[in-house]
Amino acid sequence: MIEKIRNITNKKQFHIMVIVLIILILLFFLLFTILRYNVEGEKNMPFMLTKISVISQSLGEDKEKEGMKWAFNVNETNDIYLYIEKNPNYEKQELIKSIEIDSISIEKMPNIGETKFYKPDAEDVNIMFKNTEQNEITNIEYLGDTRNRFKKLKNFKSRRISGI
């Protein structure tokens with residue numbers, strides 16, 4: 001019996017099959033790890049989204065019509081603030097190069113007017129937001145910087161994204 005095992009293990013075909021088997025096992029674990037990472041993602045991110053705040057403001061303007069006591073045009077604005085902070089469990093030093101918010105959309109509600117998203121107005125020094133067509137957006141990107149330059153979409157260490 002031992003002699004038969006020696007004959008089998010001394011053949012070149014046996015060695016090739018063992019090597020192929022080892023390679024297949026390694027490939028299986030590699031593919032499993034890649035698939036698991038793609039599904040679960042990074043577990044210890046350097047930064048965390050800690051808070052989302054929505055601040056709403058509405059302004060009503062009278063419609064000047066006789067006999068219509070409660071006729072108003074109502075304009076509502078909502079500012080969305082995203083707070084991003086360093087993860088205290090992340091050991092390495094990291095800086096945010098940029099943060100992009102893409103495919104901004106909202107479901108159309110019946111009896112509600114048009115909904116648009118605007119970025120800060122970089123041209124006018126006195127006004128933060130100007131609802132003009134050139135400031136209308138569907139995505140926005142904030143760049144990391146050494147100091148806050150909100151109108152140029154640059155935030156100090158990109159800790160806080162605001163005014164979407």
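**Note on a predicted single-chain model**

1. *Salt bridge.* The structure holds 1 salt bridge. It should be said at the outset that this is a predicted model. The side chains that meet in the salt bridge are those of Glu-40 and Arg-36, with a distance of 3.6 Å from N to O. Both Glu-40 and Arg-36 belong to helix α2, which covers residues 12-40. The two stand 4 residues apart, about one turn of the helix. As general background, side chains of opposite charge can pair when their charged atoms come close.

2. *Exposure of the pair.* Are the two partners buried or exposed? Glu-40 has a relative accessibility of 45%, so this residue counts as partly exposed. Arg-36 is likewise partly exposed, with a relative accessible area of 45%. For the student, the step of reasoning is that the label "partly exposed" applies because the value lies between the 20% limit for buried and the 50% limit for exposed.

3. *Overall architecture.* The chain has 2 helices and 8 strands. Their order along the sequence is α-α-β-β-β-β-β-β-β-β. Of the contacts between residues at least 6 apart in sequence, 53% join residues at least 24 apart.

4. *Burial and surface.* The chain has 164 residues, and 18% of them count as buried. Its accessible surface comes to about 14,100 Å². Carbon and sulfur atoms account for 56% of that surface.

5. *Nonpolar core.* Which residues make up the largest nonpolar core? This core has 5 residues, namely Ile-104, Phe-117, Ile-137, Ile-140 and Tyr-142. Phe-117 deserves a separate look in the viewer. Leaving aside neighbours within four places in sequence, Phe-117 is in contact with Ile-104, Ser-105, Ile-106, Asn-135, Glu-136 and Ile-137. In soluble globular proteins, nonpolar side chains tend to be buried together.

6. *Nonpolar surface patch.* A nonpolar patch lies on the surface. Its members are Ile-16, Ile-19, Val-20, Ile-23, Leu-24, Leu-27, Leu-30, Leu-31 and Ile-34, and together they have about 830 Å² of accessible area. One of them, Leu-31, is found in helix α2. Leu-31 has a relative accessible area of 57%, and is therefore exposed.

7. *Strand β1, Ile-52 and Ser-53.* Ile-52 is found in strand β1, which covers residues 47-62. Ser-53 lies in strand β1 as well. Which of the categories, buried or exposed, applies to each? Ile-52 is exposed, because its relative accessible area is 53%. Ser-53 is buried, because its relative accessible area is 19%. Beyond four places in sequence, Ile-52 touches Ile-80, Tyr-81 and Leu-82. On the same basis, Ser-53 touches Asp-79, Ile-80, Tyr-81 and Tyr-83. Ile-52 and Leu-82 are 30 residues apart in sequence, while their C-alpha atoms are 4.7 Å apart in space.

8. *Strand β1, Asp-62.* Asp-62 is also found in strand β1. With a relative accessible area of 55%, Asp-62 is exposed. Not counting residues up to four places away in sequence, Asp-62 touches Ala-71 and Phe-72. Asp-62 and Phe-72 are 10 residues apart along the sequence, and the C-alpha to C-alpha distance between them is 4.6 Å.

9. *A loop residue, Lys-92.* Where does Lys-92 lie? Lys-92 is in the loop between β2 (72-86) and β3 (98-101). Lys-92 is exposed, with a relative accessible area of 56%. The C-alpha atoms of Lys-92 and Pro-46 are separated by 7.8 Å, although these residues are 46 residues apart along the chain.

10. *Confidence.* The mean pLDDT of the chain is 77, and 80% of its residues reach 70 or more. Where is confidence highest, and where is it lowest? Confidence is highest in α2, at 92. Confidence is lowest in strand β8 (residues 160-161), at a mean of 39.

11. *Caution on residues 155-164.* Over residues 155-164, pLDDT stays under 50. The model nevertheless has 52 contacts for these residues beyond four places in sequence. Where pLDDT is low, the predicted coordinates should not be read in detail.

Note on methods: Residues are numbered from 1 along each chain as its sequence is written. Side-chain values use heavy atoms; hydrogens and water are left out. A nonpolar core is a set of buried Ala, Val, Leu, Ile, Met, Phe, Trp, Tyr and Cys residues joined through side-chain atoms within 4.5 Å. Buried means under 20% relative accessible area, exposed over 50%, partly exposed in between (1.4 Å probe, protein chains only). Contact means heavy atoms within 4.5 Å. A salt bridge is a side-chain nitrogen of Lys or Arg within 4 Å of a carboxyl oxygen of Asp or Glu. Patches are made of residues with over 30% relative accessible area and no salt bridge: like charges are joined within 9 Å, nonpolar side chains (Val, Leu, Ile, Met, Phe, Trp, Tyr) within 5 Å. Accessible areas come from the Shrake-Rupley method with a 1.4 Å probe; for residues, only the protein chains shown count as cover. pLDDT is the predictor's confidence in each residue, from 0 to 100.
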